[in-house]
Amino acid sequence: MVLLESQVKLKTGSIAPEFELLGIDDKKHSLNDYSNYKGILVIFMCNHCPYVKAKVDALNELYEKFGNEIAIIGINSNDSTDYPEDSFEAMKETAKEKGFKFDYLVDETQEVAKKYGAMCTPDPFLFNSQKQLVFHGRIDNAMKPDDSPTEKTMINNMQKLLSGEKIENDFDPSIGCSIKWKEN
């Protein structure tokens, strides 16, 4: 298991790269589908990573609290040939099991992860309504799967975004398993 920290590719104020990806609802989703929200949270994630599994409740809590105002999109960019647990079918099963109500999309070519500079799972990016990056970083301060969070970093930042406050600490690296890149 390779542990990685998020890196900076998109800087604060960068515009969210476009995408058109297949969701577990068997429909194509593009960034423009989410234009009527007050913000967009893109989370690079997968099914098998213990760091993502540890955040299932936190992800569902984000959706419960903010899903009406801020679009929440999970994107799985892992190579499912080497990691069959991250296949499209397994994504459907995982979403059902874990009760995910947010859109969960597959990045088959891994191009989207590259455009965003995503490194690990989970690797969350929060954008405002103009699709400008306002926060790239962790969901909470529990950095290992067994830790319990004492600070809900993403919830605080999503509240700031909605109330028009500036997010001072705009990069607070997430830690997780590396994205499983395809061998070229």
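1. Let's start inside the protein. Tyr51, Lys55, Pro122, Arg138, Ile139, Asp140, Ala142, Met143, Ser174 and Ile175 line the largest cavity. Please keep in mind that this is a predicted model. The volume of this largest cavity is about 60 Å³, and its lining has six nonpolar, one polar and three charged residues.

2. Two of those lining residues deserve a second look. Asp140 and Lys55 form a salt bridge, with 2.6 Å between the closest N and O atoms. Asp140 sits in the loop between strand 9 (133–137) and helix 5 (153–163), while Lys55 sits in the loop between helix 1 and helix 2 (56–66), so the pair ties together parts that are 85 residues apart in sequence. Are these two residues buried or exposed? Both Asp140 and Lys55 are buried.

3. Now for the other cavity, as two cavities of 30 Å³ or more are counted here. The second largest has a volume of about 30 Å³. Its lining consists of Cys46, Asn47, Val52, Lys53, Val56, Thr94, Lys98 and Phe100. Helix 1 (50–53) and helix 3 (88–98) are the elements that give two or more residues to this lining. By class, four of the lining residues are nonpolar, two are polar and two are charged.

4. Salt bridges come up again in the helices; the count for the model is eight. In helix 2, Glu61 and Lys65 lie four residues apart, about one turn of the helix. Their salt bridge has its closest N and O atoms 3.4 Å apart. Glu61 counts as partly exposed because its relative accessibility is 23%, and Lys65, at 45%, also counts as partly exposed.

5. Helix 3 has a pair to look at too. Glu89 and Lys92 both lie in this helix, three residues apart, about one turn of the helix. Salt bridges that share partners join Asp26, Glu89 and Lys92 into one network. Between Glu89 and Lys92, the N to O distance is 3.9 Å. Glu89 is partly exposed, with a relative accessible area of 47%, and Lys92 is partly exposed at 23% relative accessibility.

6. Finally, visit the loop between strand 5 (70–76) and helix 3, where you will find Asp86. Which side chain of opposite charge is nearest to Asp86? It is Lys180, 7.3 Å away, and the buried Asp86 has no salt bridge. The side chain of Asp86 does make a polar contact of 2.9 Å with that of Asn78. Ser77 is found in the loop between strand 5 and helix 3. Ser77 counts as buried because its relative accessibility is 2%, and its side chain has a polar contact of 2.8 Å with the side chain of Asp107.

Methods: Residues numbered from 1 in each chain as written. Predicted model: local features only at pLDDT ≥ 70, side-chain atom pairs only at ≥ 80, totals over all residues. Heavy atoms only, no water. 1 Å grid on protein atoms, 1.4 Å probe; cavity = no way out; pocket = protein on both sides within 12 Å on 5 of 7 lines; lining within 4 Å. Points joined across faces, edges and corners; volume = space filled by probe spheres on them. Nonpolar A, V, L, I, M, F, W, Y, C, P; charged D, E, K, R; others polar. Buried < 20%, exposed > 50% of the residue type's maximum accessible area, 1.4 Å probe, protein only. Lys, Arg positive; Asp, Glu negative; His and termini not counted. Salt bridge = Lys/Arg side-chain N within 4 Å of Asp/Glu carboxyl O. Polar contact = N/O pair within 3.5 Å; in protein donor to acceptor, adjacent residues only side chain to side chain.
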